[in-house]
Amino acid sequence: MKKKAGSAPGQSILRKKAEKKLGKKIVHEKTSNLLADANKLVHELQVHQIELELQNEELIRIRLELETALQKYTDLFEFAPVGYFTVEADGKIDQVNLSGSILLGKTRSLIKNRSFYLFISEKEMPIFENFLTEVFKSNGKKQCELSIIGKEGKHLTVHIEGVVAALEKHCRMSVIDITELRESENFLKEKELLLRESQRVGKLGSYVLDIPLNKWTSSEVLDDIFGISEGYKKNIDNWNAIIHPDMKEEMKIYLKEYVLAEGNTFDKEYKIIRPSDGEIRWLWGRGEVTYQYDGTPVRMIGVIKDITENKIAELKLKKLNEELAELSASKDKFLSLIAHDLKSPFTNILGFSEILLEEAENISPKELKNFAAEVHKSARQIFELLENLLEWAYSQRDKIKIAPVVFNLKNLFDDELRILKINALRKNITLNFALPEHVNIKADKNMFKTILRNIISNAIKYTRKNGNVDVTAEIKSEFAEFSITDDGVGMDKQTLEGIFKMGNKHNSRGTENEKGTGLGLILCREFIQKHNCKLWAESELGKGSTVKFTMPIA
């Protein structure tokens, strides 16, 4: 038997092995040609038999290897932590591994040949339907995420990947339970949202500064606090750029020398000007720096809080405390002045009454009349002082309630100014009135009278004999602006600034040595403020004064 040409290399190797094995059994004998042919044929048959035996051994070996490999892959398929399914285009399950059955909470016998749709919530079915359509249509790997119904009806979030191999009619599908992953992600999202909301409500932003790269990252809240947009270049120079000019150099030195060079904690209040709206805001920053082994600063992590409202309140409180301290000192001074003003007339009364008591028999009627006039004058002075003091005290304790009524301006002036005209005539002072006709004022009538009496009396008091006092009123929007102008002695700047302040009582004697209480203008200020109106004065020493105030009109 001749060897066929072009036999496979594997067959040639197999024949050599067979011949080698057979060669050990061959006995070389001289034979006839016929016998030689027979021997040759037997030889070929023997070689072929051995080839078959070797092929069988090889097949047995390969089968064992395949069985071992199959067992390995079966074990991998069965015990893989991922659920594996083979499903048809309509969703029917052909195969499922152990993890897949555990995932669905049923034995494989209850899963096979059933539709995968039975394990999907109704609202998620369109997602799976679209997934299968895409997989079978494209013959490529596709994936989706949906909720399935697992053991004891528990809803699980799963990630599915599927592929259809060439010439196959089913989809090989892996199903991974990502419920805990999604729950963790949702938990983190909630925490991040809580952190963002807490930062937003507390106006507290956070940042991380990479010092070698001169670059910082920040939270949305901090960007909003700084008033910077998404494209803002975040480096140290641009942080310094938004700091208020009053503090730029101070903050630059503070960061560079005190914090980075010396390793101190950043803990400071400073002002910025927001690029977005130009608004000035007060901030408080705190940050910690981390260093390399050689002491080189590498990173700074910190928080920044908008404290503008707190700072404004703090500044207001500081101002109020200063005003309170000033008011307390003023009241002490004021009480001292009141005591002095009471002492002087009482001294006069005591002095004259003592003379009357001791020298009554020796006093002439004329002297008695003079003494009585001085006592009356002092008593009148005390009465006026106490009356004003009582009215002021009531206003301070809010016991005087404003009771606005509508009244005619001109009629009130005609009734009220009779006494004032008598005082003016004593010094031959002319009172000039320029008041608009038919104007009605809406104010507390008694308070308005007190205001007029005090201001006009003051003007008469500080005007020399034969002088003039002008009273005018001008309508401005919802108010009437009154001006009482005299050509008297006037005031210097320091006196002018203190005439409405308690405790700043100046020399209150008039041009004819008239004595005042020192409470008139303070009382006027209180009453005018109760009407939400204004009181102010203009004066120049030696050239007279003008006192102005406003009152609402009806």
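Student: How many salt bridges does the structure hold?

Tutor: A salt bridge is a side-chain nitrogen of Lys or Arg within 4 Å of a carboxyl oxygen of Asp or Glu. This is a predicted model, in which local features need pLDDT of at least 70 and side-chain atom pairs count only at pLDDT 80 or more, while totals for chains, interfaces and linings use all residues. Side-chain values use heavy atoms, with hydrogens and water left out, and residues are numbered from 1 along each chain as its sequence is written. By the salt-bridge criterion, the number held by the structure is 20.

Student: Which residue meets Arg 182 in a salt bridge, and how many residues apart are the two?

Tutor: The side chain of Arg 182 pairs with that of Glu 145 at 2.6 Å, N to O. Arg 182 belongs to helix 5 (residues 179-202) and Glu 145 to strand 3 (residues 142-149), where helices (H or I, at least four residues) and strands (E, at least two) are DSSP runs numbered from the N terminus. The partner is therefore Glu 145, and the separation of these distant parts of the chain is 37 residues.

Student: Is Arg 281 buried or exposed?

Tutor: Arg 281 forms a salt bridge with Glu 279, with the closest N and O atoms 2.7 Å apart. Buried means under 20% relative accessible area, exposed over 50%, and partly exposed in between (1.4 Å probe, protein chains only). Glu 279, at 34%, is partly exposed. Because its relative accessibility is 10%, Arg 281 counts as buried.

Student: Which residues are linked with Arg 281 in a network of salt bridges?

Tutor: The network includes Glu 279, the partner of Arg 281 at 2.7 Å. The residues linked with Arg 281 are Glu 279, Asp 306 and Glu 309.

Student: Which element gives the most to the largest nonpolar core?

Tutor: A nonpolar core is a set of buried Ala, Val, Leu, Ile, Met, Phe, Trp, Tyr and Cys residues joined through side-chain atoms within 4.5 Å. The largest one has 41 residues, and those with the most contacts inside it are Ile 456, Phe 482 and Phe 549. Among the elements that give two or more residues to this core are helix 11 (409-426), helix 12 (445-461) and strand 15 (479-486). With eight residues, the element that gives the most is helix 12.
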